[in-house]
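Reader: I would like a close look at one part of this model, a single position and the chain around it, followed by an account of the sites and backbone features that can be described with it.

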Amino acid sequence: MTTVRDVTYELLRTHGLTTVFGNPGSNELPFLAGMPEDFRYVLGLHEGAVLAMADGYSQASGGPALVNLHAAAGTGNAMGVLTNSVYSHTPLVVLAGQQVRSTVGQEVVLSIVEPEALLRPLVKWSAEPACAEDVPRVISQAIHTATLPAQGPVFVAVPYDDWAREAPEETAHLLRRRTAAGACLSGDQLAELVTALDEAASPVLVLGPEVDASGAYEDAVRLAEALGSTVWLSPFSSRCSFPTRHRAFRGQLPSSVKGVTEALAGHDLILVLGAPVFRYHQFEPGPYLAPGARLLQVTGDAAEATRAPMGEAFVGAIHDTVTRLADGVTPGLRPPLPPLPDFPVPAESNGRVHPERLFADLRALAPADTVWVSETTSTTSAFWAQTDLREPGSYLWPAAGGLGFGLPAAVGAQLARPERQVVALIGDGSANYGITALWTAAQYDIPVITVILKNGTYGALRWFAEILDAGEVPGMDVPDIDFTLLARGYGMNATSVSTPEDFAAAFKSALGSGKPALIEVETERTRP
Ligand code: TZD
Ligand code: CA
C-alpha cells in the first residue's frame, strides 16, 4: 500500500526539498519516523532559529526550503522571524503537525485551532487539507504557491493520523506537475521605460533585493554602465544588488521620506527595480518626490506596486526587465562617472575596536566572495562605508527588522553554500534571539564564522531614543553577557578580543580551521 506519507516524501523529493529544518513534537512523529535516507533533518533548538536557518538556506540556494514545526506553540515561536521572510519573498513551505483529525474539534491538547488563521497575515497561503487523501495535493499546492511570483512563505497543518492512510492512485499525477510563470513586461511597456531613460537628463537607479534574488545583479551593472547613472540600494534592502565599490554606487538610501527625497535630489528620473516604494522606517516627513522628479517602479510583486504612495509602477519579472533594459537603452549618452574616493580612514580604536576598523579589517581578511549576514543595527553606516561586496548573493539582512534572523540565517546560508565562506556580523543584543543556532552549526559541523559586536547595549535603540527625544528609557543595555561561554556551552570554539590585532589573529585562525567559530569583539558604540 502506498501511504499519504510515501507520496508526500516522493513529492518533496521531486521539488528538491530533501533538507528538513525542524523541531519535533508528538504531532510530527508519524511524518518524521523512518525518514528516507536521501533526506536530511536539520534540528534547531528553537523554532525561531529553525525558521531563520531555513530562510538563510533558501535565500542562499535560490530554491524553496522546507520547515517542520510543532503544533501551534512551535509555529508561534517562529512567527517573529517569519515577518522577515514575507519581505524578502522567501519561498518557505512550513508544515506543522495537527492533532488526530477526529479530535481537533474538542480542542484536545496540541490541536491547532483555526490553522488557516494562525500565521495570517504573514503567509501567502495557508491550509489544512479537507481529508487525508488530499494531503499530497495540498502540499503540492503549497510548494507551487510559495515558489510562483511573488514568492513567499506558506503554511500547511496536517493531522498526524493522515500520514498512514492509503494514498489514492491519482495522487501520482502530482509528482509530474509543474507550474511556470511568464509575466514579463510587454514590448510597449519596455519601450516606454527605455524612452524615459534615454530622454532623462539625470536618471538614477534604486535597486531592491529582488534584483539580486532573481539573478539580475550582473545585468544591473550593465544597465548602470550603459546609462552612466548612479545607483542606490533601496532603503532597508535585505540583499545587496550591486557591487559596492563600483563607481556608480552611492550606498543604501536612508529610511525616512525626507532622507530619501534629499538623497535623490537633482535626478529627473528615478527608476526603482525590484523594491517597494519605499520601505521607510524612521518617521521624518517631507515631500515624497522633489519637484520635477518622475518615479518609475518595476516589481514582480503586485502588492508592492499597488501600495506605493507615488510613482508609476510596472509589474513584471525583474531579471527579464533588467536584461532587456540593459540591451535597450542607448549607451554613452552621459559622461562617465569619476572613480570612487578611497575608503574613509576608520575611526581610532581605543581599548575597544571601532566598528569601522573591524569592517575595514574584515574586508582585507575575508575571501572576496564571502557571504555577509548582518544583524548589527547601530553599525550600518560603518558597514556600507567600509565594505567591498562584489559578487551576487553576498549579503543578507532581516528584511522586516525582526531580530533573531541573522545568526541562524548565516548557519542556513553556510549549509546551502559550502563553497563560499559565510560570516555573520551580529550585535550582542540581536545574538540572543537566535543564539541556539550555534548548537546546530556545531553539531552539523557547518563552518560559519560568527562575529559578535559587543558594545553592551541596544545601540540602535539608544540612537532612536535620542531622535524621538525620549529622555531616559529603561531596558537599553545588555551588560555582562559572555558569548564565549555561551558558544562553548553549545559546543563551538570561541574567542573574545578587544584589539584589532587580536581580532585579525582570531579571524585567521577561524578561517583556517574549517570549523564553526565565534569571535566576540569588544566594540565601541556608534550610530547607524
Ligand atoms: N525584538 C525583535 C524581535 N526585533 C527588534 N527589531 C527589536 C526587538 C527592537 N530592536 C531593534 O529594532 S534594534 C535593537 C532592538 C532590540 C537593538 C539591537 O542591538 P544589537 O545591535 O546589540 O544587536 P546594536 O548595534 O547595538 O544596535
Ligand atoms: Ca549592541
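What relative accessible area does Asp 445 have, and is Asp 445 buried, exposed or partly exposed?

Author: The model is predicted, and in it local features need a pLDDT of at least 70 and side-chain atom pairs count only at pLDDT 80 or more, whereas totals for chains, interfaces and linings use all residues. Residues are numbered from 1 along each chain as its sequence is written, chains are lettered from A and ligands numbered from 1 in the order in which they are written, and side-chain values use heavy atoms, with hydrogens and water left out.

Asp 445 has a relative accessible area of 40% and is therefore partly exposed, a class that lies between buried (under 20% relative accessible area) and exposed (over 50%), with a 1.4 Å probe and protein chains only. Asp 445 sits in the loop between H17 and S16, where helices (H or I, at least four residues) and strands (E, at least two) are DSSP runs numbered from the N terminus. Although Asp 445 is not a glycine, its phi is positive, at about 55 degrees. Ala 71 is another non-glycine residue with a positive phi, here of about 45 degrees, but it belongs to helix H4, residues 71-77, and with 2% relative accessibility Ala 71 counts as buried.

From Asp 445 one can turn to Gln 421, which is found in the loop between helix H16 (406-416) and S15 and which, at 16% relative accessibility, counts as buried. A polar atom of the Gln 421 side chain lies 3.1 Å from the backbone oxygen of Pro 447; a polar contact is a pair of N or O atoms within 3.5 Å, and within protein one must be able to donate a hydrogen and the other to accept it, while residues adjacent in sequence count only if both atoms are side-chain atoms. Leaving aside residues up to four places away in sequence, Gln 421 touches Pro 367, Thr 370, Val 371, Gln 414, Pro 447, Val 448, Ile 449 and Leu 511, contact meaning heavy atoms within 4.5 Å.

The calcium ion, ligand 2, has as its protein donors Asp 428 (OD), Asn 455 (OD1) and Thr 457 (O), at 2.2 to 2.3 Å. Donors are N, O and S atoms within 2.8 Å of the metal (3.2 Å for Na, K and Ca), and sites may look incomplete because water is not among the atoms. Along the chain the donors of the calcium ion follow the spacing D-x26-N-x1-T. Distant parts of the chain are linked here, for Asp 428 is in the loop between strand S15 (422-427) and helix H17 (437-443), and Asn 455, 27 residues apart from it, is in the loop between strand S16 (449-454) and H18. Asp 428 and Asn 455 are both buried.

Asn 455 also takes part in the surroundings of ligand 1, since a polar side-chain atom of Asn 455 lies 3.1 Å from an oxygen atom of that ligand. An oxygen atom of ligand 1 is 2.8 Å from a polar backbone atom of Gly 459, and a backbone N or O atom of Ala 460 lies 2.7 Å from an oxygen atom of ligand 1. Taken alone, ligand 1 exposes 600 Å², of which the protein buries 77%; accessible areas come from the Shrake-Rupley method with a 1.4 Å probe, and for residues only the protein chains shown count as cover.

There are 16 residues around ligand 1, and Thr 377, Ser 378, Gly 429, Ser 430 and Ala 460 come nearest, a residue being near a molecule or strand if one of its heavy atoms lies within 4 Å of it. Helix H18 (residues 459-467) gives the largest share of this shell, 3 residues. The shell divides into 5 nonpolar, 10 polar and 1 charged residues, where Ala, Val, Leu, Ile, Met, Phe, Trp, Tyr, Cys and Pro count as nonpolar, Asp, Glu, Lys and Arg as charged, and the others, Gly among them, as polar.

Beyond H18, Glu 472 lies in the loop between H18 and helix H19 (483-489) and, with a relative accessible area of 79%, is exposed. Its C-alpha atom is separated by 9.5 Å from that of Arg 462, 10 residues apart along the chain.
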